[in-house]
Amino acid sequence: MSEPEDQMLTDDEDDFDCAYYDGDDIDIREDFDDEKCNSDAEQAKIESLDTFQVERLLNESVASLIEVSRITPSLAKILLLSYNWDVKKIHEMLNKDTEGTLLKSGVKPMSTAKRPANNTCLVCYHEDEELRALCCGHGFCVHCWKAYFETRLSEGVSSKISCMASNCMLVAPPEFVLRALDKASLRAKYERFLYRDYVMSHPELRFCVGKDCLMVVRSKETKPKKATCTKCKTSFCVICGVDYHAPTSCDTIKKWLIKCADDSETANYISAHTKDCPQCHACIEKNGGCNHMQCAKCKHHFCWMCFGDWKSHGSEYYVCSRYKENPSVAAEANHVKARRALEKYLHYFERYENHNKSLKMEEELREKIKRKIDAKVNEHEGTWIDWQYLHTAATLLARCRYTLQYTYPFAYYLEKGPRKDLFEYQQGLLEKEVEELAWAVERAGTSDRGALEAHMHRAEHKRITLLQDFFFSPSEYDAPSSSKFR
Amino acid sequence: MSTTTPLTAGLFSTNRFPSENTNTRVTLYLPIGCIIFIVRIFLGLQTFVAACVLRKTHALRGLVLRVMSALLGIVATSSGEKDESVRVFVANHISCLDHMAVDLIRPCLLPSVWDIPNVLRWLFGYADLGVRSGRGELVRQARLHIKSDDLPLLALPEAAMTNGKKALLRFSSWPFEVSDRIQPCTLRLSRPFFNVESTIIGASWWQDTLWFLFLPCTIINVKWLPTMQRDENESMDSFRDRVAQAIANELGIELSNWTSADAVEAAKKYRQETQRLRIAQGTPSKPTTSRTLIDPKRMDEVAMRIKQSHPTVALLNIRRDLEKTKDMQSTIERIKNGTVKPISTAEHLSNKKSPGSSPNEWHSLYEERKWTMIEENRAKYLQKHVED
Amino acid sequence: MAGYALKRLMTEYRELTLHPPDGILAAPVDEENFFEWECLITGPEDTCFANGVFPARISFPQDYPLSPPKMRFTCDLFHPNIYRDGRVCISILHAPGDDPTGYETSSERWSPVQSVEKILLSVVSMLAEPNDESAANVNAAKMWREDRVKFNQIADNLVRKTLCLPLADS
């Protein structure tokens with residue numbers, strides 16, 4: 001335990017704040033209420049469904065379509081699948097152009113064929129086979145159908161397997177496919193894929209990303225808000241399915257994560273030991289003796305020494321004369337530019353990664369605080385409720401830091417200009433508050449409760465300011481609603 | 001001829017005998033040398049066994065090995081003061097037995113670069129420090145090694161042998177990353193009576209070893225230079241350059257910008273060149289056998305080429321004749337003396353066969369149709385362009 | 001699976017040998033391996049490729065005809081829909097679904113009822129009418145659009161090359 005005097009000395013600013021806020025207690029209340037509704041704004045409105053509930057939901061759509069258009073359930077499903085389960089739209093389309101709609105979605109055959117002479121299967125050229133056909137009449141033998149479905153299934157295609165005849169877009173309905181597949185495991189696989197396709201094509205449904213979690217999340221959210229599965233408690237972005245990432249948009253975070261996966265592990269090594277391809281700026285490590293390099297990515301031939309095109313080295317065999325004449329050409333603009341790009345990336349990445357690490361460490365801190373509260377309650381130093389504010393503070397710290405972490409990818413992709421300046425200014429403020437709050441939380445229990453709450457208040461306020469733009473301005477930030485995850 | 005620059009720079013010798021004089025001496029010595037050589041092979045085996053049985057740190061081992069290797073004709077002398085506290089030595093690289101010479105004076109390990117079984121590696125006194133998984137791994141493991149094991153590491157940062165007379169190759173920087181304290185040492189090799197180079201460009205390690213066993217004796221002098229310490233603010237590269245400079249100064253040679261990779265390339269180039277010279281001077285029987293046509297694709301090309309100079313002869317006939325002769329020249333001869341007849345295409349087309357039922361027949365039919373198709377289109381094309 | 005493909009390839013081979021279509025030849029490279037075919041395509045009349053005999057290779061997958069084969073010309077061919085290395089980029093060689101070419105869905109796709117003959121006939125018509133919208137060789141597409149004279153000249157030289165005739169001076 002640290003001495004109280006010490007606390008007093010270092011915390012004088014907090015004391016000031018404390019005095020200030022003590023005067024306006026009501027104000028804080030209000031703000032906290034405000035925050036509450038703001039954190040609701042982050043949370044997407046969702047409904048967790050299990051497999052049966054999903055089936056029921058889908059069947060409801062099927063039933064309502066059958067009601068208005070009188071087609072068989074399996075055809076209705078194909079139709080719904082190709083129009084993203086929009087019953088209203090399908091109904092409209094059917095009213096407008098029944099024939100065309102059915103043709104386009106592969107429900108109705110474009111042309112019907114006659115049975116081939118002496119029952120020859122046109123795929124394996126066997127004669128006198130028992131032929132089976134979809135309603136388009138293209139007959140093929142049972143073996144060929146089976147082999148065909150198996151191949152398509154192994155390619156991951158299930159709901160949109162069309163007839164084998166060329167240019168016949170007719171989709172094979174599930175009953176037909178299941179009848180042709182003889183192995184139970186394949187049938188199960190087909191049904192699994194089909195279910196996956198149904199859910200993926202439904203605009204309101206998303207699979208929970210939790211490991212081995214079969215739940216489906218239903219939401220009408222259009223902004224990348226946070227969804228939390230009720231079963232496995234995994235949180236993810238309701239639009240794209242990766243970790244919740246406000247204030248960065250779905251597209252940006254995707255780009256960022258890909259970039260990190262490509263670079264981060266080796267970024268340090270790269271900056272020290274490699275050079276960049278002068279054409280595509282991919283990083284290249286020299287592992288052979290020859291200076292004639294070929295970029296594995298863009299196939300550009302260049303010279304390791306001078307970064308010039310290898311073509312200019314024609315007759316020279318292993319030695320770069322350009323380099324010998326003037327070694328300074330090695331510092332060619334391209335090279336420098338690429339290196340600077342890497343440095344910029346590393347700047348943002350390091351901060352992003354640092355906050356991630358801090359988050360993990362503060363997770364431990366939270367555990368520690370929990371134990372501390374238990375200990376205090378056991379020693380009869382106040383009730384459990386009295387100490388609950390410590391726990392709240394740690395939770396809030398995690399939340400703020402999380403948001404802060406995800407401001408870096410956004411800032412990285414933000415173009416230079418007043419908007420970036422403003423954003424980075426706000427980011428700086430939040431960063432400062434978060435670090436101060438972290439400091440205060442670590443020493444919580446001994447320091448003043450009022451001071452801590454003041455910190456909490458300011459940090460949350462800064463965080464909301466940052467997110468404000470993201471959730472409440474309609475334009476730019478919006479993620480395209482089509483980017484559904486797999 | 002830019003590639004031969006490392007050669008002309010004098011870093012490597014191309015001839016084992018620098019002077020004519022040595023040549024005659026070696027010839028005279030040959031019978032004795034051979035006897036010594038055979039005796040030494042057996043002796044060498046025993047030395048090897050002794051080296052394996054005795055522990056590396058054992059005091060007796062050094063003595064035993066020194067005596068035995070002296071019998072093998074390898075004498076290691078040392079001068080200068082060796083620093084027992086230093087964990088990494090750095091030396092120049094002049095022969096394949098450098099490591100052994102240093103090992104005789106001060107037991108040490110050399111990181112192995114070859115993919116050899118663990119047992120063998122241990123027998124030769126190499127240490128596998130993961131050099132094959134990259135430089136980073138080597139440095140990491142070497143750091144661990146010098147902390148845990150009491151055998152110091154020997155590094156030959158030139159990574160390729162030179163004749164040690166003109167300049168040092170550019171040092172690799174890994175030893176300097178492993179430790180901040182390094183004792184440099186210089187290796188000099190001399191052979192009394194016979195001025196034979198320890199290694200030449202493009203020679204393999206076993207050739208060099210055989211020369212060691214053949215000549216009466218080889219003296220390798222290891223001179224320990226004062227230990228060098230990396231300054232606090234000094235970069236890895238400048239420390240490396242400082243050590244390299246110290247070694248070069250002691251040897252009285254320069255530093256060069258050539259890397260081991262350049263040396264390897266130069267050796268490769270040299271070997272290719274000598275081989276080419278040998279082929280150029282070699283017997284004329286070789287090229288004719290290599291010209292034999294076996295690959296059907298090649299045969300197609302040759303047939304097309306012959307067609308260019310003998311347009312009257314049907315392609316199919318040329319191709320079939322090539323199948324028999326397997327040689328372009330003889331087919332051309334056969335066309336000239338009339339063995340291969342210039343049948344006109346029209347005549348050929350008239351005897352269309354009906355295809356049989358076996359795939360074998362189909363294939364010959366395909367071949368026939370193929371050449372006919374080319375022939376026909378060629379005729380059509382020419383006709384059209386004459387009309388134009 | 002392979003036996004299934006083999007039977008089908010044998011049937012196609014027989015069909016092509018007994019009733020060879022005009023200007024097209026195809027056969028397995030050797031009897032040991034039925035999954036690698038050699039074929040010859042005659043450039044269609046009245047086009048710049050007329051009378052050229054262009055050799056190509058077709059390699060079949062083990063699950064042929066369920067998956068499409070791959071085709072590449074083994075001679076030089078300067079054409080908007082042929083990659084520099086000779087690979088042919090044509091819709092019939094792609095299964096429905098994957099769309100690297102940007103072809104419209106209406107163009108003919110691979111389906112198990114297609115055959116070697118149909119592929120080769122499609123390639124012949126592709127030689128006659130390049131699709132410069134989805135180019136595999138951008139330079140060729142550009143020249144086809146903008147400098148037809150030069151394109152024809154290059155094509156003519158390629159034709160001469162396949163017929164082992166001396167090249168025309170450019």
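How many salt bridges does the rule find across the interface of chain B and chain C? Just 1 turns up there, and the close-ups below show where it sits, along with other spots in this predicted model.

**View 1. The salt bridge between chain B and chain C.** The partners are B:Lys370 and C:Glu38. Their closest N and O atoms are 3.4 Å apart, and that counts as a salt bridge because the cut-off is 4 Å between a side-chain nitrogen of Lys or Arg and a carboxyl oxygen of Asp or Glu. Polar contacts are also found here: 11 residue pairs across the interface of chain B and chain C, both residues being at pLDDT 80 or more. On the chain B side, helix H12 (296-309) and helix H16 (359-387) each bring at least two residues to the side that touches chain C. H16(B) gives the largest share, with 17 residues. Sorted by class, that side of chain B has 10 nonpolar, 5 polar and 7 charged residues.

**View 2. The whole interface of chain B and chain C.** Stepping back a little, 22 residues of chain B meet 32 residues of chain C. Between them, the two chains bury about 2,400 Å², with 64% of it on carbon and sulfur atoms. Three residues to look for in chain B are B:Trp362, B:Tyr366 and B:Tyr381: they lose the most area to chain C, together 29% of what the chain B side buries.

**View 3. Chain B by itself.** Take chain B alone and you can pick out 16 helices and 10 strands. Chain B has 388 residues, and 44% of them count as buried. Among its contacts between residues at least 6 apart in sequence, 74% join residues at least 24 apart. As for the outside, chain B exposes about 20,600 Å², and carbon and sulfur atoms supply 58% of that.

**View 4. Where chain A meets chain C.** Here 16 residues come from chain A and 20 residues from chain C. The area buried between these two chains is about 1,400 Å², and carbon and sulfur atoms give 60% of it. Keep an eye on A:Val123, A:Tyr125 and A:Ser166, which supply 34% of the area that chain A buries against chain C, more than any other three residues. Don't hunt for salt bridges across this interface, as the rule finds 0. Polar contacts do appear, in 2 residue pairs with both residues at pLDDT 80 or more. Helix H8 (residues 142-154) of chain A provides 5 residues, the largest share of the side that touches chain C. By class, that side of chain A has 10 nonpolar, 4 polar and 2 charged residues.

**View 5. Two loop residues of chain A with positive phi.** Most residues other than glycine have a negative phi. A:Asn84 is no glycine, yet its phi is positive, about 50 degrees. You'll find A:Asn84 in the loop between helix H5 (73-82) and helix H6 (87-96) of chain A. Is A:Asn84 buried or partly exposed? Partly exposed, because its relative accessibility is 41%. A:Lys233 also has a positive phi, near 65 degrees, and lies in the loop between strand E6 (226-228) and strand E7 (235-237) of chain A. A:Lys233 counts as exposed because its relative accessible area is 58%.

**View 6. A cis peptide bond in chain C.** Most peptide bonds are trans. The one joining C:Tyr64 and C:Pro65 is cis, with omega about 0 degrees. To find this spot, look in the loop between strand E3 (53-59) and strand E4 (70-73) of chain C, where C:Pro65 lies.

Definitions and conventions. Residues numbered from 1 in each chain as written. Chains lettered and ligands numbered in written order. Predicted model: local features only at pLDDT ≥ 70, side-chain atom pairs only at ≥ 80, totals over all residues. Heavy atoms only, no water. Contact = heavy atoms within 4.5 Å. Buried area = accessible area lost by both parts, 1.4 Å probe. Polar contact = N/O pair within 3.5 Å; in protein donor to acceptor, adjacent residues only side chain to side chain. Helix = DSSP H or I, 4+ residues; strand = E, 2+ residues; numbered from the N terminus. Nonpolar A, V, L, I, M, F, W, Y, C, P; charged D, E, K, R; others polar. Buried < 20%, exposed > 50% of the residue type's maximum accessible area, 1.4 Å probe, protein only. Areas by Shrake-Rupley, 256 points an atom, 1.4 Å probe, with all protein chains shown as cover.
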